[in-house]
Amino acid sequence: MISYSSPEFEVEIKDDLCIRCGACVVNCSFDALEHDEDDDRIVANNRNCVDCRRCAVFCPTLAINIYENGLAFRKHGLWTNRAQREINKQAETGGVLLTSCGNELPSTTHPIYWDHLLLDASQVTNPSIDPLREPMELRTYLGSKPDAIEIDDQGKVKAPNRPSVALETPIMFAAMSFGAISYNVHKSLALAATEAGTLYNTGEGGLHPSLYEYGDNTIVQVASGRYGVFDEYLKAGQMIEIKVGQGAKPGIGGHLPGEKIDAEISLTRMIPEGTDAISPAPHHDVYSIEDLRQLVMSLKEATNYEKLVAVKIAAVHNAAPIASGIARAGADVIVIDGFRGGTGATPTVIRDNVGIPIELALAAVDDRLRQEGIRNQVSVVVSGGIRNSADVAKAIALGADAVYIGTAALIALGCTVCQRCFTGKCAWGLTTQDRQLNKRVNPEEGSERLYNLLRGWSIEIKDILGAMGVNAIESLRGNRLRLRGVGLDEETLKILGVRPAGK
Amino acid sequence: MSFPKHLSSSWQLHGEKIIAACGLIGFMNRDKSLTDGSDIIKAIANMKERSNGLGGGFAGYGIYPDHADQYAFHLMYMDESARVTTEEFLHEHFSIVAAEIIPTDPTAHVHNPPLLWRYFVDVEAASVVNEDESDYVVRLSLEVNDRIEGAFVSSCGKNMGIFKGVGYPEDVGEFFRLYDYKGYTWLSHGRFPTNTQGWWGGCHPFGLLDWAVVHNGELSSYGTNMRHLEMYDYKCTLMTDTEVVAYTIDLLMRKHGLPIEMVEKVIASPLWEAIDRMPEDERVVTEALRRVYGPLLFNGPFSFIIADSERMIGITDRIRLRPLVVATHGPTYYLSSEEASIREICPEPEQIWMPRGGQAAATELYETAKTTNKEEVVTG
């Protein structure tokens, strides 16, 4: 069937600059470029271009440019370019629209609240502190804390016997499975987390045998498919994360197609090669909060109460009471993944319409846990669209203990948010199991990029703290008085617990 | 005068943080010998540069020997109706042994004072259900501040009282005729608020049961500290740092039973770097304290003095952004923002020093003095 959609992008190859080296052709994994032997020129098949920019970056003479297709769509507020394209695609295939990465809807209709929050600084009455001269502390402990320290008869402090984990910076790498991303990406994350004193998350796909040595910096995930879960795996990391939901696809399971299940993946997922790995929407042993408690407790029992257990949910309308239930179910950490959270594959309709922004969910959850007096019992980690150090600082000021970054980490490794992870053709070698493409990520260099990112953000957070006149991240945590809102309505300000700027 | 009140439970949208800098001094006669109020007035007057006439106050311990076993409620009223409502409330929950107008000197340089009353009350054992007596008193005094329009409890401890108001501290001291009282511990505070709304209740010291706090500085961590305290049912209605300091000390020392050596590690915690280097035993304790009580770390510049009937403690922030001087002379222990004000009333102290940032200068009554009720008068 001929497609009624015009190509989304146009590739321009500047013939006077092109040296016919063919680097672009080799780099394009979407078959959008070809070397025409007869004419000795590079020709583009625009229909296949996904605008991942791999060719343009690797062209030695910078001869390539990519544009949005200039073909005019009649301007229409309702029947937009995107609306028409999606209808065409479904009319041609009869399928579900698939996409990747986080929600792309514009901030004009779906506000990014981080950008409506402003941080405070100290002037005169309390001095700012110079981070170049004074120590600034970012160390963060995750885990359940007692309400009070226990002192025995001899006046000695009993150290809390609950497990905890120290992060040298409050930024962790979010769950991305081996399968969704490549082995080299996993290794890059593991190395960078180790170097930076933080944690990376295996996602639901098991842990490759060669990565067990990074266990001190690993979070192992248990999700609805239970792929790769066994005794040693549970004990391999510092924390076990039960994944209930994900911001990019709340209420939806996962599907890793059989073509991607090669020998290595089969080994870590513990399923036969070539079989589909389907993660059901719910955990089939968790149909209620009391079931969740049983799962939390059985994971603790299985690991001798030495590991933290986290529960990750998507930010949905009722996130606050759900989080309270999770805390009472015995979890040590609650992870909330927002409306803009990323993924390797999700139905577009779910990604763009289900869930709520992470900023609002975080504020509501933190408030609820405090109102119930159980905020000490759990750490709160948020994710879903954290783009920079300011987002991190604002999340912590709203009440988060730490954040996860997923897409930002992939961008550090080359991702250009082309949203085609689900095709398995990632030209940057990130979200593919093609062994040739995988070589495009070198774990040594990849981990350096990731470490640099964390280092840069951490220094910036120290600058933010110093400007505020505090020298420990604890003093920013939940300190909503150091935030102000701009361009927000009264009800939203109330939910965020933040005053408007100027007040 | 006006009384800022909560318009709703949502502090974030209504309260306004009160920012103030200040001068402070306190002294304790550890043998419980008594000094009249003129010394403390003299000492705080010496630091006039540190206040701007928008607030001053005093706390005296041992000043009510005739009612030593009753809670002494000091009340400020905006009008008569607030007094009537409050007295009904007090009658309902306490047995009032004595009620009187706090004597004042109308010729002193203060303007627009509220109605000032004090009540000596007993708690009937039957009224206290499911909580201990001190929690009962705290809860009800917070309720007066929170619920009764135009009424404010400035102190509610035993054998102690807080006298404070808008004006220079020495004028406030004369207004309250402090030279007529004799106490073994005195604290004073001169205020330099950077917002102009001076109101009598917002002056310092801040009191909670026997605790009295005077404070210089601004807690940059106020929001974090305050929201953490809310989980333990402390409502921070005044939006002042001093209130947060008092509640934190109350929580840590009275409710959680931490000794001062641990409290200093909470509110002015050593750096992680230093904690990591500590000997194992000490490291475990310090790390546990910081992990559990991290939200109560006071960050930003501060020095404060806090006292109860037996103790007096001074401390600065961990990087010592505000001053604190300690001196001793015989049984008397002095804490002050400035050495000069100590020398004003004790020209040649035996010892004088400045503690390190985050290190508490703590003292308490001599063991013999804790049990005796010495009534000997020593005027200075």
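**Helix α7 and the domains of chain A**

In this predicted model, the buried residues of helix α7 of chain A pack against several elements of the same chain: the strands β13 (218-222), β14 (239-243) and β17 (308-314), and the helices α5 (231-236) and α8 (319-328). Those buried residues of α7(A) are A:Leu292, A:Leu295, A:Val296 and A:Leu299. Looking along the axis of α7(A), one finds them within an arc of 95 degrees, so the buried residues line one face of the helix. A:Glu290, A:Ser298 and A:Glu301 lie on the other side of α7(A), where they are exposed.

The length of the helix can be checked too. Helix α7 of chain A covers residues 289-302, which is 14 residues. At 1.5 Å a residue it should span 20 Å, and because its end C-alpha atoms are 20 Å apart, the expected and computed values agree. After α7(A) comes A:Asn304, a residue with a positive phi, near 60 degrees.

The view now widens to the whole chain. Chain A is divided into two parts: domain 1 takes in residues 9-95, while domain 2 is made of 140-147 together with 169-472. Taken over C-alpha atoms, the centres of domain 1 and domain 2 of chain A are separated by 33 Å.

The two domains also touch. On the side of domain 1 of chain A, nine residues are in contact with domain 2 of chain A, which contributes seven residues. Sorted by class, the domain 1 side of this contact has four nonpolar residues, two polar and three charged.

Key:
Residues are numbered from 1 along each chain as its sequence is written. Chains are lettered from A and ligands numbered from 1 in the order in which they are written. This is a predicted model: local features need pLDDT of at least 70, side-chain atom pairs count only at pLDDT 80 or more; totals for chains, interfaces and linings use all residues. Helices (H or I, at least four residues) and strands (E, at least two) are DSSP runs, numbered from the N terminus. The expected span of a helix is 1.5 Å times one less than its number of residues. A residue is buried if 20 or more other C-beta atoms lie within 10 Å of its own, exposed if 12 or fewer, and partly exposed in between; C-beta atoms are placed from the backbone. The arc is that of the directions from the helix axis to the C-beta atoms. Domain bounds come from an automatic or database domain assignment. Ala, Val, Leu, Ile, Met, Phe, Trp, Tyr, Cys and Pro count as nonpolar, Asp, Glu, Lys and Arg as charged, and the others, Gly among them, as polar.
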